Amino acid sequence: MTLDWWTLGLQTLNAAVLIWLLSRVLWRPIVSAIQARQAEADKQLSDASETARKADEAKAQAEAALDQVGTRKSEMLAQAQTEAEAARKALLDHARAEAADMARTAEAERAARAEEAEKRYAARAADLAQRMAERIGARLSRPALLEAYATDLLAQVAALDTEDRAALGSEKLMLRISEATEAGYGEAFADRLGKTLGEEIRPAIKTDAELICGLALETKHLHLESSWAADLARMRKEVANDTQ
């Protein structure tokens, strides 16, 4: 076999030209397109990463906002429950206070009515007792009873202090007797009064049926009485005091 060096050189030259042309016309645009596509892909990946980061930040902010809303909601619910409990307690306290006031008022009214009724019953009993005593007094021995009251009245005079005893002798004196007695009874009592005071006494004498039975001495500043009426009045006052 004979090697044609001219042909081999020309084929080599053609191959070199073809390679140079391919590299200049086809390979570089392809490489440029690949590089552009890679750059675009990298940019899209970068944009996607930035978008994902922003989304994560937005999500975190949203979750934080939700947490704040939840915390505020819990605080508001707790405050509302506290206020509702305070209002409920205030209403209960107010209702209890009103109930207690109503109970005290009712008890006071009941006690007042009971006290008033007891006073009325006591007054009626005192009236009845007084009428009974008056009837009993009318059946007693009038002279003996009148003498007992006269003795008691003289004892009251004897117990007076010096100033009051002097007033009986110096001031205008009235002797009231419960009934018309035997002639000279008033003057006789005046003599006994004078002996008690140690001086002559001449009082004005008057019959007073309101005494029921007894005597009374009166001046402008002094009143002494010993009578059935005075005893009844004193006992009635004592009964009234016992019922208070």
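This briefing looks at a membrane annotation, one helix and the core around it. The model is predicted, so keep that in mind as you explore. A good place to look is helix α4, residues 185–197, and the nonpolar core in which F189 and L193 rank among the residues with the most contacts.

**The annotated segment**
- An unreviewed UniProt entry lists residues 6–27 as a "transmembrane region".
- In the model this span is 100% helix and 0% strand, and its end C-alpha atoms lie 30 Å apart.

**Helix α4**
- With 13 residues at 1.5 Å each, α4 should span 18 Å, and because its end C-alpha atoms are 18 Å apart, the two values agree.
- Seven names to find on α4 are Y185, G186, F189, A190, L193, G194 and L197, which are buried.
- An α-helix has 3.6 residues a turn, so residues three or four places apart point the same way.
- The cover over the buried residues of α4 includes the helices α2 (142–158) and α3 (162–170), along with the strands β1 (174–177), β2 (204–207) and β3 (214–218).
- Just past the end of α4, G198 has a positive phi of about 80°.

**The nonpolar core**
- The largest nonpolar core holds 27 residues, and L168, F189, L193, L215, L217, L224 and W228 have the most contacts inside it.
- At least two core residues come from each of α2, β1, α4, β3 and α5 (228–243).
- The biggest contribution, 7 residues, comes from α2.
- Beyond its neighbours within four places in sequence, L168 touches V157, L160, L173, L197, I201, T219, L222 and L224.

How values were computed: Residues are numbered from 1 along each chain as its sequence is written. This is a predicted model: local features need pLDDT of at least 70, side-chain atom pairs count only at pLDDT 80 or more; totals for chains, interfaces and linings use all residues. Side-chain values use heavy atoms; hydrogens and water are left out. UniProt positions are given in the numbering used here, feature names are shortened, and annotations may be inferred rather than shown by experiment. Helices (H or I, at least four residues) and strands (E, at least two) are DSSP runs, numbered from the N terminus. The expected span of a helix is 1.5 Å times one less than its number of residues. Buried means under 20% relative accessible area, exposed over 50%, partly exposed in between (1.4 Å probe, protein chains only). Contact means heavy atoms within 4.5 Å. A nonpolar core is a set of buried Ala, Val, Leu, Ile, Met, Phe, Trp, Tyr and Cys residues joined through side-chain atoms within 4.5 Å.
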